[in-house]
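Work through the exercises below with the sequence and the fold side by side. Try each task before reading its solution.

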Amino acid sequence: MGSSELLIALDRESATPLQQQVCDQVTLLVRSGQLRAGDVVPASRELALQLGVSRTVVMRAYELLRANAILTARRGSGTRVAGTAGVTGGAAAPGRPVVPAALAPQPPRSTADGDALWQPWEPAPAHHPGAGIDFRHGTPALADFPVTRWLQSLQEAYGRADAAALGYGPAEGAPALRTEIATLVRQSRALDASADRIMVTGGATQAMDILVRLLVGPGDVVVIEDPSHTVLRQIFGCSRAAVVPVPVDEQGLRVGDIDARVRAHGHDPARVKLVYVTPSHQFPTGFIMSEGRRTALLEWAHRSGATVLEDDYHNEFTFTAERLPALAAARHRDTVVYVGSFSKTLFPALRIGYAVLPPHLVQPFLGIKWITDRLTPTVGQDALAHFISTGGYLRHISRMTRLYRKRRSRLIEALLEHFGSEVRISGEAAGLHVLVTLTGTRGAGEGEIARLAAGRGVRIYPASGYFVQELPAEPTFLMGYAALTTARITEGVALLADVVREVRSRPGKAG
């Protein structure tokens, strides 16, 4: 089972009927190898919702594809790519995944004694009595997770676990899960990577930590986006490298500014070894990196001998027709490490992430992984592989996408209803939060508004701490919506609006 998304973009100005466009693009995905024999394609209802067309358009396209022997449908197993379809790359037969051989660890490069861990700037939020509406970002709808279905996969994994499965498994991860991940990223991100290039990790954070240890040494430079998540500053700051923030705008990282920013910090651009980006949904702005910036970044990294770390933390949840492939799927792909996680799509406590590596980084990455924790818990990986292969993951993602779309729409509608032209919203195209800027607050700062909101039972999160150089000129907040019902979102925004009206009604400048 693959992702519920396909990389299809319709041209509504074209004379070609929409159903034919769908048919042609699915055929192209099959012939290019992004869809392979036995892969499941989205149900007609789900694909119609993704593309913003009627279900009839997709049903007719699927009929054409079945007539052309591209797809096949069977009751109980969904619509799949036909076994005789013209795929490339030697796809495995349905139900018989290619299982990669275990990799022999290679000793990691030595590391010098580093500085003390960076102290997190962001403390745990204070708990206020009655603060029951929490717009915390990065939290999925955990109450809607299919626990019963997940337990079935756990029971199946433990039921067939032998002595080997309960012992020390391969450091690179369970073969079945790596094969399933390879299918997921190929279908949803156009990233065609063999399973032996995929390393399973304890969340995306461990993957990034290992990459820093592997690629960065004393005197080197790591470039990060500005703004960016504070955890990244902690991870990169623990190395002996200099961390240089480079601004983003509506098109993503300002690639043309990298060299100048590095020099302005007193460093040689030739010492840049790692560039961290979130191109599909920049954190926290939510901007999507344009095709021009993507090309420029890859060309810059190729010329400079640097590695691009692509963090695709919200890759499954996109709410617009625009859906670009991963950077790692493009030209100069050997300069990109793609990092993903199941924390947002399933639940954070699962602690399973992964890295898709260029071939030359596989063995050294594995060496560090092997001495770091020996292995990511194996039975949990087998359960996740079963959950994906039997359709539980696909159904969950489809259901959550519908749920998050409704909650996202309600949040945006409520903000516009209460604040009108005095609110700016970005990041609504993807992910589980939006960035909200409030204007006309008579000098009140983020902290004061957040404190007053907490007094009304609403928790919101100031965004200034994520900016290194140019702080927002007006109060700006990250507002997550995934874990809140539409009714709670409506109530929370109304209470926030009461707070802002109170601030705006004050004479003169707020303290």
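The exercises go from the whole chain to its sheets, helices and cores.

**Exercise 1. Take stock of the chain.**
State how many helices and strands the chain has, and what share of its residues is buried.

Solution.
- Start with the status of the coordinates: this is a predicted model.
- Count the elements. The chain holds 14 helices and 16 strands.
- Check burial. Of 511 residues, 55% count as buried.
- Look at the surface. About 21400 Å² is exposed, and carbon and sulfur atoms supply 53% of it.
- Look at contact range. Take the contacts between residues at least 6 apart in sequence: 75% of them join residues at least 24 apart.

**Exercise 2. Lay out the four-stranded sheet.**
Find the order of its strands and the strands at its edges.

Solution.
- Write down the order: β12-β13-β16-β15, an open sheet with antiparallel pairing.
- Mark the edges. β12 (423–426) and β15 (461–462) each pair on one side only.
- Join β12 to β13 (residues 433–438): four bridges, antiparallel. Here Val423 faces Leu438 of β13.
- Now add the helices. α12 (residues 392–419) packs on the sheet and touches β12, β13 and β16 (476–480). Its direction makes about 165° with that of β12.
- α13 (residues 446–455) also packs on the sheet, against β15 and β16. The angle between the directions of α13 and β16 is about 40°.

**Exercise 3. Examine β16.**
Decide which residues of β16 lie on each side, and whether they are buried or exposed.

Solution.
- Begin with the rule. In a regular strand, side chains alternate between the two faces of the sheet.
- Apply the rule. Thr476, Leu478 and Gly480 fall on one side, Phe477 and Met479 on the other.
- Read the burial. Both faces are covered, and five of the five residues of β16 are buried.
- Add the strand partners. Five bridges tie β16 to β13, antiparallel, and Val434 has Met479 as its bridge partner.
- Two bridges tie β16 to β15, again antiparallel. Tyr461 stands opposite Leu478 there.

**Exercise 4. Lay out the eight-stranded sheet.**
Explain why β4 and β7 each have a side without a neighbour in the sheet.

Solution.
- Give the order: β4-β11-β10-β9-β8-β5-β6-β7, an open sheet with mixed pairing.
- Find the ends. β4 (198–201) and β7 (252–253) stand at the edges with a single partner strand each, so one side of each is left without a neighbour.
- Follow β4 inward. Four bridges join β4 to β11 (residues 353–356), antiparallel. Val200 has Tyr354 as its bridge partner in β11.
- Place the helices. α5 lies across β4, β10 (336–341) and β11, at about 110° to β4.
- α9 (residues 291–304) packs on the sheet too, touching β6 (242–249), β7, β8 (272–277), β9 (307–311) and β10. Its direction makes about 160° with that of β8.

**Exercise 5. Describe helices α1 and α5.**
For each helix, find its reach and its buried residues or their count.

Solution.
- Take α1 (residues 18–32). Its 15 residues reach 21 Å from first C-alpha to last, close to the 21 Å expected.
- List its buried residues: Gln21, Val22, Cys23, Val26, Thr27, Leu29 and Val30.
- Recall the helix geometry. With 3.6 residues a turn, residues three or four places apart point the same way.
- Find the cover. The elements over the buried residues of α1 include α2 (44–51), α3 (55–67) and β2 (78–81).
- See what follows α1: Gly33, with a positive phi near 95°.
- Take α5 (residues 175–189). It also has 15 residues and reaches 21 Å.
- Judge its setting. 13 of the 15 residues are buried, so α5 is largely enclosed by the rest of the structure.
- Just after α5, Ala190 takes a positive phi of about 60°.

**Exercise 6. Locate the nonpolar cores.**
Name residues with the most contacts inside the largest core, and the helix that gives the most to it.

Solution.
- The largest core has 56 residues. Leu177, Leu253, Ile258, Leu297, Phe342, Leu346 and Leu384 have the most contacts inside it.
- α11 (residues 378–389) gives the most, with six residues.
- Another core lies apart from this one, with 33 residues, among them Phe419, Leu432, Ala482 and Val493.
- Zoom in on Leu253. Beyond its neighbours within four places in sequence, its contacts include Val246, Ile258, Val275, Met289 and Leu297.

Conventions:
Residues numbered from 1 in each chain as written. Predicted model: local features only at pLDDT ≥ 70, side-chain atom pairs only at ≥ 80, totals over all residues. Heavy atoms only, no water. Pairing = 2+ DSSP bridges. Contact = heavy atoms within 4.5 Å. Axes fitted to C-alpha atoms, helices over the stretch in contact; angles between N-to-C directions. Expected span 1.5 Å × (residues − 1). Buried < 20%, exposed > 50% of the residue type's maximum accessible area, 1.4 Å probe, protein only. Areas by Shrake-Rupley, 256 points an atom, 1.4 Å probe, with all protein chains shown as cover. Core = buried A, V, L, I, M, F, W, Y, C linked by side-chain atoms within 4.5 Å.
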